[in-house]
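Student: I would like to go through this model by asking about its contacts, domains and helices. Please keep the answers brief.

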Amino acid sequence: MKAIKLVSIAALFAASVSSAQAQDSSDPIIIPIHNWSSQIVMSHVIGDILQSLGDHVEYVTTDSQAVYESIRLGDVTFEPEVWEGAFGASFRAAMEKGGIEDVATHAAITREDWWYPMWTKDACPGLPDWKALNDCAALFATPETGTKGRFLGGPVDWLKHDAEKVDALGLNFQVVNAGSAAAIWAELAAAEKDKKPIVVFNWTPNFAEAVWPGEFVNFPEWVDGCDTDPAVGPVPDKTYDCGNPANGYLKIAAWDGMKDKWPAAYATLKKVSFTNHQIAEMAKLVDIDEMEPEDAAQAWLDANESVWQPWTK
Amino acid sequence: MSDTTVPVIRAVPERALPGGAAILLAVALALAVARPVLPELLVRVPDWAIPPYQDWMQALFDFIKDDLGLIHVTRAISAILEWFLDVTANLLYGKNRWPYLGPLPWTAVAAVAAVVGYAVGRWRMALLAGGTFAWIALIGQWDLAMQTLSVIAVAAPTAFMVGLILGILAWKFPRFEAALLPILAVLQTLPFFTYLLPAVIFFKVGPTAGCVATVVYAIPPMVLMTALGLKKVASEVIEAGHMSGSTRWQMLRHVYLPSARTEILVGVNQVIMLSLAMVVLTAFIGMPGLGAKLLSLMNSLKLGRSFEIGVTIVLIAVTLDRISKAWVVKQPVHFERGTPWWERNRLLLIALGAFVGCILIAQFVPLANEIDRKHELSMGSEIDTVIRAVLANETIDAATAWLRGFLTVSVLIPFRDAVLWLPSLSVIFILAAAGYAVGGPRSALLAGGFFAIVALTGWWDRAMITLYTVLSAVVIAAAVGLPLGMLAARRKKWAQPVLLICDTAQTFPSFIYLIPAIMLFGVNDVSVIFAIFIFATVPLMRYTIEGIRAVPEELLEAADMSGATRSQKLWKVQIPFALPTMAIGFNQAIMFAFFMVIIAAFIGTQDLGQELQRTLAGNQLGKNFVLGMCVALMALTFDHIIMRWSATRRKVLGV
């Protein structure tokens, strides 16, 4: 395996030297690592591909919202997963300030919202409509939330606006934020044992859809401005009276100095595009198969050479 | 002896509350009782009366950062730090930077560590130091551990130098000391999130910011110990220095500093231990290494593998701790005139020889250079499988579910609602009463004042949730830790292993404790309190044991002679005597709890910690600072009250 890797990298290296016109800087390309698996593996996958071009790559663990400020300053070189729902606002704000560039868009379509595993539907058949969810709120009650239903949200630094949504739509739910993605999976697994109804924050592409089949709750459709203008959306005097975008983008953002400093790496990055399936696969290698992210990236590269080889040409 | 001491103990019955405290407490009670009819104004500080501290602080930070151009200064400093970090990073784990020599083979590092161990503590230390590095390599954590150590190698010396200089200044200029002490007290109680955000903004994300945060966190004890050591230098020594005509610099260099050697080295020991604790936490701002790995394992709830990393950190801590302590005890060796240089530097030469030898061997034997994933001996994933199987057990599951339901519904929610129901003024008066009882009007003003500031920030409700969590956890910890401590203190044979467990549990990286909590209880307050409880029990047990073991033999003999039963001896002699020490343990438990409750934001809380975690996502320095001060002020209030009480009690007991 190792030998194959070496040979393929050597071959690639030879190929890339002939094709790349301008020389990449020998300074390291800094890739951020966040707190969900697909991003970590994808960072390593792209990092390994860039290394095969002869670039130096370094990884840095950063906050997934604060990273856009770091990219603008050039402290971090690019972000491989910009989710529209979660990071669209930070990304747009950084774009307005300048210094950051929208490099490419993945083939994947993303959605992040309230979600339930299929067994929940048995107890609350009106789903996925949000009004039906609200009628069954008592089913989701826990000791902590008393008579209200519990919605288990993501870590607060993902800056979701669930509490605002609960308020705007008059939901009989209380938002409890998990400190990490893993805490959500732990609660889901616990609920699965006795098929307890549960509604959590989830997103696609993600490994979870393979393990726990489920559906997103259908909130009033996302309209631009629903988060800032009370007039937009069904409730006239509230913001966030809507769901998250149902077919959001997944982009790659980069520091705008990248194309001059590492032209070859930049050219490759522009071609990178993953599908929902490929991203879920990456997350699965870590979350289910329990591989180390570096090994998972290597395994994915070995198994999908036909996918990524053309990007390096 | 017995004639004098026994009456002394009798002489400290429970004193009646001093008048002032009783009045303050009565006011607090009256306010609480009258709550339903109280105008809203007295229950909570109304929004319009809350000064916009956050905006002020933000404006101040922005002014310092951009208008005064501090960011250029800090970025220049971070460039220098980065250069040093790059050198250590290259040598230890081969980061692609100048001098392009590394990574050193693990055998070479382990060999040098063993020789250093031998130099300060003979074979035992040699085995400990060499063994630690061998374990790190064999378990497959070499690169991670070296990433962590490469930052400590820069941060600890920097903290030492800065701390030493500040300590000397504090000793020379009493005014400077008076200004510095409160700042150090705040620094020691500030939640670590508050260190992290400014570090990132001013010093660039990654190892540099981690290094800066670590240095700031590790400085206070170094300053305090240096100042303490210099103040204690005997006047005879100083006179001798003056008589031999030393200049001021010579006095400092050859008289004061060598005489204060012991205290300064204790400070060094503290610096190393705090650096190690902090360097793990800086994973939140992009510091690579053991902390980052631990964080990602926590994000996937892999307890077994986290445990292995915990063991590595404990081993590194124990090695650094013992070596630096052995160095404190070891006095400098003086050679006779004319000893050849190779004999003076024998160990240095051996270390050099072993180092070069290992590098040469590593050229030919790959395993001596680096142990790859196929050859490591990690058992982490196997342990994880076992843990999962145990947790899936029906009985355990049912027990934790019952405990969670019971604690939440019958204990925690009523307590939380009660704390939230109390008018702010009532809480402030309760603390003022406690302050008055231990330290008179000054302490009352301080305790009440600190909480009044918290009320004025507008974060009162969240602060009360933090307080409620801390108190619940500490009460449970006391209920478990104190009896265990008393039991362990009975025999020396039991006390020692328990103390060892305490030491280990304390050096374990704090956020490892979050993992079993989530696994057992899920995302809720019980889980948070469980994590704090494990961490806070340690000092309670430890100081109980030490307090009871420190009771003089004569007293115990006297009690035996007067025919006391074992429980009489415990309650009438040992515990009264040990109480001041136990109070210190109680105080530490509260400080630990304030520290842990903020980390518990990673389980999911609704308190100040959650808001602090939220600020990490943006760059709201002002809000971050205000929240941090709320936590620090509450912690300082408890610190003041308990330490004051302990000191008075000690005086009464005459110890």
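Student: How many residues does each chain put into the contact between chain A and chain B?
Tutor: This is a predicted model, in which local features need pLDDT of at least 70 and side-chain atom pairs count only at pLDDT 80 or more, while totals for chains, interfaces and linings use all residues. Residues are numbered from 1 along each chain as its sequence is written, and chains are lettered from A and ligands numbered from 1 in the order in which they are written. Two residues are in contact if their C-beta atoms, placed from the backbone, lie within 7 Å. The contact draws 32 residues from chain A and 34 residues from chain B.

Student: Which element gives the largest share of the side of chain A that touches chain B?
Tutor: Elements are DSSP runs numbered from the N terminus: helices are H or I of at least four residues, strands E of at least two. β2 (57-61), α3 (67-73), β7 (173-177) and α8 (181-193) of chain A each supply at least two residues. The largest share, six residues, belongs to α8(A).

Student: How does that side of chain A divide by residue class?
Tutor: Ala, Val, Leu, Ile, Met, Phe, Trp, Tyr, Cys and Pro count as nonpolar, Asp, Glu, Lys and Arg as charged, and the others, Gly among them, as polar. The side of chain A that touches chain B has 15 nonpolar, nine polar and eight charged residues.

Student: Which element gives the largest share of the side of domain 1 of chain A that touches domain 2 of chain A?
Tutor: Chain A is divided into domain 1 (2-109 + 249-312) and domain 2 (111-216), with bounds from an automatic or database domain assignment. In the contact, 16 residues of domain 1 of chain A meet 13 residues of domain 2 of chain A. On the domain 1 side, α4 (84-97) and α12 (276-287) of chain A give two or more residues. The largest share, six residues, comes from α12(A).

Student: How many of the 31 residues of α7(B) are buried?
Tutor: Helix α7 (residues 142-172) of chain B reaches 44 Å from its first C-alpha to its last, close to the 45 Å expected, where the expected span is 1.5 Å times one less than the number of residues. A residue is buried if 20 or more other C-beta atoms, placed from the backbone, lie within 10 Å of its own. α7(B) is largely enclosed by the rest of the structure, because the number of its residues that are buried is 23.

Technical notes:
Buried ≥ 20, exposed ≤ 12 C-beta atoms within 10 Å, placed from the backbone.
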